Amino acid sequence: MNLRTTLLAGAAMVAMTSAVSAETLRWGAARDINSLDPYSYGSTFTISFLNHVYEGLVRYNADLTIEPALATSWETMPGNIWRFHLREGVKFHDGADFTADDVVASLTRVSDESSPLRGNLPAYKSATKVDDHTVDIAVDGTYPLLLNDLTNIHMFDAGWLKANGAEMPTDVAKKVEGYATFHTNGTGPFSLESRVPDSKTVLVVNPNWWDTPKHNLDRIEFTPIASAATRTAALLAGEIDFTEAAPIQDLPRLEGAPGVKVLASSELRTLMFGFNERPKLADGRNNPFADKRVREAVAAGIDLDAIHKKVMRGQSRIAGTVVAPAIPGYSEDLDTPTPYDPDAAAKTIKDAGAEGFAFTLVCANDAYVNEEGVCNAMVSMMTRIGLKPTLDIGPNAIQQVKQSSGEADMFDLGWANEPMLDSYSILLQVFKTKSDNAGVFNWGGWSYPEIDKLLDASAVEMDRDARLKMENEALRLVKENVIMIPIHQQPMAWGLSDKVDSVLQLSDNKARHWMTTMKAAN
Amino acid sequence: MTVFLIKRLFNAAMVMLVVAALAFMIFRFVGDPIQLMVNEQTTQGEKDALRASLGLNDSVVVQYLRFVGNAVRGDFGISYRNQQSVMSLIAERFPATMELVIVATILSLVVGIPLGVITAIHRGRWFSESLQFVSIIGVSLPSFVIGIVLILVFSVELGIAPAFGRGEVVRIGWWTTGLLTPSGRAALVLPSISLALYQITLVMRLVRAEMLEVLRSDFVKFARARGVPRWRVHYSHALRNCLMPVVTMTAMNVGALIAFALITETVFQWPGMGLLFIQAVTFVDIPVMAAYLCIVSFIFVVLNTAVDIAYALIDPRLRTARG
């Protein structure tokens, strides 16, 4: 052995030790998580953050398809029962074993009458332990989307819940705080070290994680930085390594800065505009939007390209249908935007007797990316084809009341199909006829019996291909009837410092740091 | 004196009741918390049940009375957003805001007073005139612009101060302080400058005006005639006569600074009460908004009452005139 190989071996040794040395990811987020309890109010962001600590029975893999997590396999049984076989040898952070009792306790907690997350598990009826590692979940009728729902239902330890009096979810109306709001005990790749709300939440690696880690992190320091300008500054100054919300207006600056990378793409959320389709408007006038020709004319009068280039600075993805390509039910042949033809649109408006029709477009300014700019552009484009729109804009909390009450003649809506990741979500909640458990976002009061029929059939269709075909057919009807005009998929942009080697960015815009690697610190 | 005190305290209680009533009138226009508490899959039935269980279907008067009834017992309820007790949320943030406000106040005095004296005694000189000019900018620039400019210069370009947060804090009982750690002190620098800037110019202009007044008075001329050294006349005799209004204004303005801190806290992600309030507004977190408004008005009322009582102690005429 000569000197040279010794040196090389030495270098390799150094490289190996630094690969396992402490890597801290400093994450500057646009907002804080609401609570440490995954069964608190249905915030997609909070649940995705807590997914580092807690896990569900199944999870999405790098292709956004469902794969086993805490359950290794499952099968459907007669009587609308799903049997799940649980992974053996999984331990909670406090050392307790993961068993069927934990699944039963978690599902009981999340489906409780007072649970804010109950809506995420709509078909659930009951869970029964078969043996220590087998659980039967009974659902209400034939229900094909149970696995999708379960990706977001994190598993608690039954003993821990019981010992701390947290078997029931926290009920704000009862004015009592919950133990799980302040403490965690999951099975996930990271465990909680400390949390100061609005200031800092620290996660450390769980050395006993059941899965082989694909990350090399030891620690995640999560800091909310609500102000966009400050977040950009913190990334430029090297005070954070990662943000899931790099402000769109700062992207050129960030891309040009040394030591900063930007990962930009389009996410699942599709922005669209809808109309009041009732025969009369809220103020009693006849409603031209009930006429399909007028809606078609509006669609032809929108210059999607201009919105994409001018308002969204080329960062959005122009949409021809109301769901993003990654959402099951999507098909490429539907994704064709209406060609821009303002002159024909103006003529149609005239023929339909809607020329000079004055109405209100109700938008928020804080719900979607560059929402104000898009709505302003809509107003000027619709004015051009002979309509008289007025823009009513304000905070989402106020505007959504007007939109949902039928007061708005026209409105905007963004839909990501979260947490279900299936077209069924938008079809059920937006396009189905309004009833007690459907059409909550059917703000225009429309009713298309054909869509309803397709949806009812797809809701009990266990064959995935047949089900998606029905959903796709329903989406075709949505497009043909111009119920809503899709504009674009929103841009998402992550900012990284050059210390970060790779992150996994999927179109659901959730950070999965158990896939993140950082460059070895020297 | 006792009658005076009782009257003042009664007034204070009335002010707080009116503030709470106004707050509840406003809450009708801030939007619907239910829309933000549920996700896309929630059914209408579940939304209605949640609304009913939170008592949001009751009339404003009923909601207001229930709030006052609970607040009197110190129960402000649970935050819709965090599911934490509102009192503990505010108690957690109170030290952060107070520390920022106190440091900004001290800064405004330490910088503002000497500047005021200098601009007064060197009136007409180029540097005092330019200080005067710069101070106009300090008054007129909005506080968030100052904050962002400070971040750009000192964090991004020079890299000498952190852009956000509070650094490491030390817990002393229920109070937390960043003053005892290096990172905590570094984190205080930019936010406190940004918050103090307006106050500095205010103090400087007040001291200058008072000084110009005092410098014309007979005792200053007499001291000068006796050959007392110039710096002693200025800083010891004249300045002392200017400080009364400065101290009063500073004490009264602590309340204003707490309110102003809202913007500074948002820019610097300073985990204080203002940031809590801003987030409560975007989430329509009514329990937190109501409690914040009551507590801030309570601080205003306490400061005003304290100043009134102090005046009454100093000046007996006020006691007889009002009491």
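Trainee: How many bridges join β9 of chain A to β10(A), and do they run parallel or antiparallel?
Mentor: In this predicted model, strand β9 (residues 200–205) of chain A is joined to β10(A) by 4 bridges, and the two strands run antiparallel. One of the pairs to look at is A:Leu203, whose bridge partner in β10(A) is A:Ile220.

Trainee: And what joins β1 of chain A to β10 of chain A?
Mentor: Strand β1 (residues 24–29) of chain A is joined to β10 (residues 219–224) of chain A by 6 bridges, and here the strands run parallel. Within that pairing, A:Arg26 has A:Glu221 of β10(A) as its bridge partner.

Trainee: Where in chain A is pLDDT under 50?
Mentor: It stays under 50 over residues 1–20 of chain A, a stretch for which the model has 6 contacts beyond four places in sequence. For chain A as a whole, the mean pLDDT is 89, and 95% of the residues reach 70 or more.

Trainee: Switching sheets, what is the strand order in the open one with 4 strands in chain A?
Mentor: The order is β4-β5-β7-β6, with antiparallel pairing, and the twist averages 20° from one strand to the next.

Trainee: Why is one side of β4 and of β6 of chain A left without a neighbour in the sheet?
Mentor: Because β4 (71–77) and β6 (124–131) of chain A stand at the edges, each has a single partner strand. For β4(A) there is an antiparallel pairing with β5 (residues 81–86) of chain A over 6 bridges, in which A:Thr76 has A:Trp82 as its bridge partner.

Trainee: Which strands does helix α3 of chain A lie across?
Mentor: Helix α3 (residues 100–110) of chain A lies across β5, β6 and β7 (134–139) of chain A, and it runs at about 165° to β6(A).

Trainee: Over to chain B: at what angle do α1 and α4 pack?
Mentor: Helix α1 (residues 2–27) and helix α4 (residues 60–72) of chain B pack at about 140°, with their axes 10 Å apart, and are therefore oblique to each other. Their crossing is right-handed.

Trainee: Which residues meet there?
Mentor: From α1(B) they include B:Leu17, B:Phe24 and B:Met25, and from α4(B) they include B:Tyr64, B:Phe67 and B:Val68. The residues of this contact divide into 9 nonpolar, 1 polar and no charged.

Trainee: Last one, how many residues does the contact of the two chains take from each?
Mentor: It takes 44 residues from chain B and 48 residues from chain A. On the side of chain B that touches chain A, the largest share, 5 residues, comes from α7(B), and the residues of that side divide into 20 nonpolar, 19 polar and 5 charged.

Notes. Residues are numbered from 1 along each chain as its sequence is written. Chains are lettered from A and ligands numbered from 1 in the order in which they are written. This is a predicted model: local features need pLDDT of at least 70, side-chain atom pairs count only at pLDDT 80 or more; totals for chains, interfaces and linings use all residues. Two strands pair if DSSP finds at least two bridges between them. Axes are lines fitted to C-alpha atoms, for helices over the stretch in contact, and angles run from 0 to 180 degrees between N-to-C directions. Angles under 35 degrees count as roughly parallel, over 145 as roughly antiparallel, 65 to 115 as roughly perpendicular and the rest as oblique. A crossing is left-handed if the near helix is turned anticlockwise from the far one by less than a right angle, and right-handed if clockwise. Two residues are in contact if their C-beta atoms, placed from the backbone, lie within 7 Å. Ala, Val, Leu, Ile, Met, Phe, Trp, Tyr, Cys and Pro count as nonpolar, Asp, Glu, Lys and Arg as charged, and the others, Gly among them, as polar. pLDDT is the predictor's confidence in each residue, from 0 to 100.
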